[in-house]
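Q: I have just opened this one and would like a walk through it. Could you take me from the overall picture down to single residues?

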Amino acid sequence: MNWFGKKKTATASTTSQGSSSGGGGGTSLNPGATIIKLKESIQSQEKREEHTQRKIDSMIADAKAKMAKGDKKGALYAMKRKKLLESELDKIQNVKMTLETQVMNLESATQNAETFKAMAAGKNAMQNIRKDVGIEKVDDLMDDIREELEMANEISDAIAQPVDPLANDEDELLAELEQMGADDLEAELLKAPFAKNEVLLPDVPEAKLPNLNDKEAEEMKKLEAELAGL
């Protein structure tokens, strides 16, 4: 009786531990860690699959060998084991497919969650920027810039204006200059010989003209005759 009681207590303890571990497994895990655990399970199933497939191949070979020896009972037993192993292989493949599906879905969900977080962060950043740079602030800034540009142009125009204290007396000075030119011209005219009705003639040469030879004298006569005929 004591042994059964201890056995029962041990069973209860084992059940309690299993429940505790199950509760721990139910807690939320990091998606990345969960994906790694699922992939490890897939690798374990692949190893089971390879091992089961080798056993199936071994049973087929054993069945053929026993049939060749005429041991139909042994061959039939090997074929039954092959059948059970094939059933187990189907289960392993189904479990592996389920695990792979979970991995793909979890990876997709994780990617979607990260994308959502990134989009939410972008939206929040845009909201913060809009708070700092509103349309009214932009309009006020552009108005201020235009005012500063206009003021700068006015300052540049003011600086570019000439500083001449006699600028307003230019017309009077030009008139005076024209009058001075007229006076000078009149003085020159008064000094000219034409003012005294005199005609300037060239001076009479004091030296005698050179004597022309016969040929030159004849040519001069011809020239005078042609001029007289005109």
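The chat below goes from the whole chain to its helices, and then to single residues.

Q: What is the secondary structure of the protein, in helices and strands?
A: This is a predicted model, and its secondary structure comes to six helices and zero strands. Read from the N terminus on, the elements run α-α-α-α-α-α.

Q: And how much of the protein counts as buried?
A: Of its 230 residues, 9% count as buried. The accessible surface comes to about 20,400 Å², and 58% of that area belongs to carbon and sulfur atoms.

Q: What about contacts, what share of them join residues at least 24 apart?
A: If you take the contacts between residues at least 6 apart in sequence, 71% of them join residues at least 24 apart.

Q: Let's go to helix H3, how far does it reach?
A: Helix H3 covers residues 72–132, which is 61 residues, and from its first C-alpha to its last it reaches 89 Å, close to the 90 Å expected at 1.5 Å a residue.

Q: How does the span of H2 come out by that reckoning?
A: H2 has 39 residues, which should span 57 Å at 1.5 Å a residue, and its end C-alpha atoms are indeed 57 Å apart, so the two values agree. After H2 comes Gly-70, which has a positive phi, near 85°.

Q: Which residues of H2 are buried, and what do they pack against?
A: The buried residues of H2 are Ile-35, Leu-38, Ile-42, Gln-45, Glu-49, Thr-52, Ile-56, Met-59 and Ala-63, and they pack against H3. Seen from the other helix, what covers the buried residues of H3 includes helix H2 (31–69). Among those buried residues of H3 are Leu-85, Leu-89, Ile-92, Leu-99 and Val-103.

Q: Can we zoom in on Thr-52, is it buried or exposed?
A: Thr-52, which is found in helix H2, has a relative accessible area of 7%, and it counts as buried because that is under 20%. Leaving aside neighbours within four places in sequence, Thr-52 is in contact with Leu-85, Leu-89 and Ile-92.

Q: Which residues make up the largest nonpolar core?
A: That core has five residues in all, namely Ile-35, Leu-38, Ile-42, Leu-99 and Val-103. H2 and H3 are the elements that give two or more residues to this core, and H2 gives the most, with three. As general background, nonpolar side chains tend to be buried together in soluble globular proteins.

Q: What is Leu-38 in contact with?
A: Not counting its neighbours within four places in sequence, Leu-38 is in contact with Leu-99, Gln-102, Val-103 and Leu-106.

Q: Switching to charges, how many salt bridges are there?
A: The count comes to six salt bridges. One of them is formed by Arg-48 with Glu-88, where the closest N and O atoms are 2.6 Å apart. This pair links distant parts of the chain, since Arg-48 is in helix H2 and Glu-88 is in helix H3, 40 residues apart.

Q: How exposed are Arg-48 and Glu-88?
A: Arg-48 counts as partly exposed at 37% relative accessibility, and Glu-88 is also partly exposed, with a relative accessible area of 30%.

Q: I noticed Lys-82 among the buried residues of H3, so what does its side chain meet?
A: The side chain of Lys-82 meets that of Glu-86 in a salt bridge, at 2.7 Å from N to O. Both residues lie in helix H3, four residues apart, which is about one turn of the helix. Lys-82 has a relative accessible area of 11%, whereas Glu-86 is partly exposed at 27%. Leaving out residues up to four places away in sequence, Lys-82 touches Ile-56, Met-59 and Ile-60.

Q: Last topic, which residues make the nonpolar surface patch?
A: The patch, of about 720 Å², is made by Ile-129, Val-133, Ile-135, Val-138, Leu-141, Met-142, Ile-145 and Leu-149. Its largest share, six residues, comes from helix H4 (residues 135–160).

Q: And Ile-135, is it buried or exposed?
A: Ile-135, which lies in helix H4, is exposed, with a relative accessible area of 61%.

Note on methods. Residues are numbered from 1 along each chain as its sequence is written. This is a predicted model: local features need pLDDT of at least 70, side-chain atom pairs count only at pLDDT 80 or more; totals for chains, interfaces and linings use all residues. Side-chain values use heavy atoms; hydrogens and water are left out. The expected span of a helix is 1.5 Å times one less than its number of residues. Buried means under 20% relative accessible area, exposed over 50%, partly exposed in between (1.4 Å probe, protein chains only). Contact means heavy atoms within 4.5 Å. Patches are made of residues with over 30% relative accessible area and no salt bridge: like charges are joined within 9 Å, nonpolar side chains (Val, Leu, Ile, Met, Phe, Trp, Tyr) within 5 Å. Accessible areas come from the Shrake-Rupley method with a 1.4 Å probe; for residues, only the protein chains shown count as cover. A salt bridge is a side-chain nitrogen of Lys or Arg within 4 Å of a carboxyl oxygen of Asp or Glu. A nonpolar core is a set of buried Ala, Val, Leu, Ile, Met, Phe, Trp, Tyr and Cys residues joined through side-chain atoms within 4.5 Å.
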